[in-house]
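Colleague: Hi, could you walk me through the charged residues and the odd backbone spots in this one?

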Amino acid sequence: MHSLKFIFILIVYFSHFAYPAFADRNSEYKLSVLDMGYGDASLLELPTGLNILIDAGSFESDKKLARFIQEKRIHVLDLVVITHAHDNHYGGLSQLSEIVSIRKIITSGLNNLPDDLMPTFETLKEKNVSIVELRRGEHIILSPNARINVLHPAEITGEPNTDSLVLTFALGDAVLLFPGDIPPSIQSQLIESKILTDQPDLVLLPHHGDELSETFADFIQDAVKIISAGPHELWHAPSEKTVERFKEKLFRTDTSGDFIFKINGKKIVHISS
C-alpha cells in the first residue's frame, strides 16, 4: 500500500494533476466568483474533487476570502493562480496560506516581485509549495476531460497588467476564459493572431470591466460575462461603455455581490448570488 501511495503522489506533482477520471465529459463543475471589491477571486470546483483558486483578492478582502474557503470546508487548494503582481489579485494569499494547504501556485513572473508578496512566496516555498512561471503554449491537464491552456504571456515586459496570465479552462464541452487585467492592445492581439480561437462560454472581463477592444468585445458577445469590481479611491470600474455594450448575460459583483454558476457541457446556470 505504501508503494502505491508514493506512485500516486509522483503522478500528481510531475504530471500536472493527472488524477484518475471518475467524471465523464459533461460532468458538473461549479464556479464561484466572489465580490472582492476592486479585485478578483474565483473558485473552480471540479467533479474529480480538485479545487482551483483564480486570484486571491486584495488585502482589504482577505478575511472574506478566508471565511468563504473555511465555510466550504476546503482544506486543500490544489492550484492557486496569481494572474499578475497587483495586490488586488494576490492580497488574500498570505491569510489563505495560514488556513489551507496549497499544493501548487502558477503565475506569469517571479522576478521583481512586489515587496509585500515576496515574504508570502518564501514562506510557501519553505512549506514545499511548488511555484511555477508559465508561458504561452503550456498547459495543465486536470483530468482527461479538463485542462488549462496558457495563451499569454509569451515573454515578460515588466508591466504587470500586460504580463497577466491569460488562461482558458476547457471543461468538457465548456470553455471559460480568465484574462487577468490585459489591456485592449493585448485583447485584440490574442484574437487577430489566432491565439485565442475557442469561443468562450463564460469570461471574467479583463481589468474589472474596463473598456474593451472592439475585436475582443465582439468575440465574447455571446458568452456569460462577469465583472468583478467595486469602489476604489484611484480607479473607476467598470466602464460605462462596457456595461452598455452587453445587455444580456452580464453579471456584476459591484451591484449584486457573489455569484455561483453550475457548468454542465455548454449549459451554464447561475444558481445564486
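Modeller: Happy to; we can go through salt bridges, a charged patch, one helix and some backbone details. This is a predicted model, where local features need pLDDT of at least 70, side-chain atom pairs count only at pLDDT 80 or more, and totals for chains, interfaces and linings use all residues. Residues are numbered from 1 along each chain as its sequence is written, and side-chain values use heavy atoms, with hydrogens and water left out.

Colleague: Great. How many salt bridges are there?

Modeller: The count comes to 11 salt bridges, taking a salt bridge as a side-chain nitrogen of Lys or Arg within 4 Å of a carboxyl oxygen of Asp or Glu.

Colleague: Which residue does E28 pair with?

Modeller: E28 pairs with K262, at 3.8 Å from N to O. E28 is in strand β1 (residues 28-33) and K262 in strand β16 (residues 259-264), so this pair links distant parts of the chain, 234 residues apart. Helices (H or I, at least four residues) and strands (E, at least two) are DSSP runs, numbered from the N terminus.

Colleague: Are those two buried or exposed?

Modeller: In between: E28 is partly exposed at 40% relative accessible area, and K262 is partly exposed at 29%. Buried means under 20% relative accessible area, exposed over 50%, and partly exposed in between (1.4 Å probe, protein chains only).

Colleague: And what does D258 bridge to?

Modeller: To K64, with the closest N and O atoms 3.0 Å apart. D258 lies in the loop between α9 (253-256) and β16, while K64 is in helix α2 (residues 62-71), so the bridge ties together parts 194 residues apart in sequence. D258 has a relative accessible area of 23% and is partly exposed; K64 is partly exposed too, at 27%.

Colleague: Which residues form a network of salt bridges?

Modeller: E211, E214, K241 and R245 are linked that way. As for R245, its C-alpha is 9.8 Å from that of D218, with the two positions 27 residues apart in sequence numbering. D218 sits in helix α7 (residues 214-219) and is exposed, at 52% relative accessibility.

Colleague: Switching topic: which residues make up the negative surface patch?

Modeller: E60, D87, D115 and D116. Patch members have over 30% relative accessible area and no salt bridge, and like charges are joined within 9 Å. D87 belongs to helix α3 (residues 87-90) and is partly exposed at 37%.

Colleague: Back to α2, then. Which of its residues are buried?

Modeller: D62, L65, A66, F68 and I69 are buried in α2. Seen down the helix axis, the buried residues of α2 fall within an arc of 160°, so they line one face. The arc is that of the directions from the helix axis to the C-beta atoms. On the other side of α2, K63 and E71 are exposed.

Colleague: Why would spaced residues share a face?

Modeller: An α-helix has 3.6 residues a turn, so residues three or four places apart point the same way.

Colleague: Now the backbone. Where is the cis peptide bond?

Modeller: It joins H152 and P153, with omega about 5°. P153 lies in the loop between β10 (146-152) and β11 (166-171).

Colleague: What about R73's phi?

Modeller: R73 has a positive phi of about 55° although it is not a glycine. R73 lies in the loop between α2 and β4 (76-77) and is exposed at 70% relative accessibility.

How values were computed. Patch = residues over 30% accessible without salt bridge, like charges linked within 9 Å, V, L, I, M, F, W, Y side chains within 5 Å. Areas by Shrake-Rupley, 256 points an atom, 1.4 Å probe, with all protein chains shown as cover. Lys, Arg positive; Asp, Glu negative; His and termini not counted. Charge placed at Lys NZ, Arg CZ, Asp CG, Glu CD.
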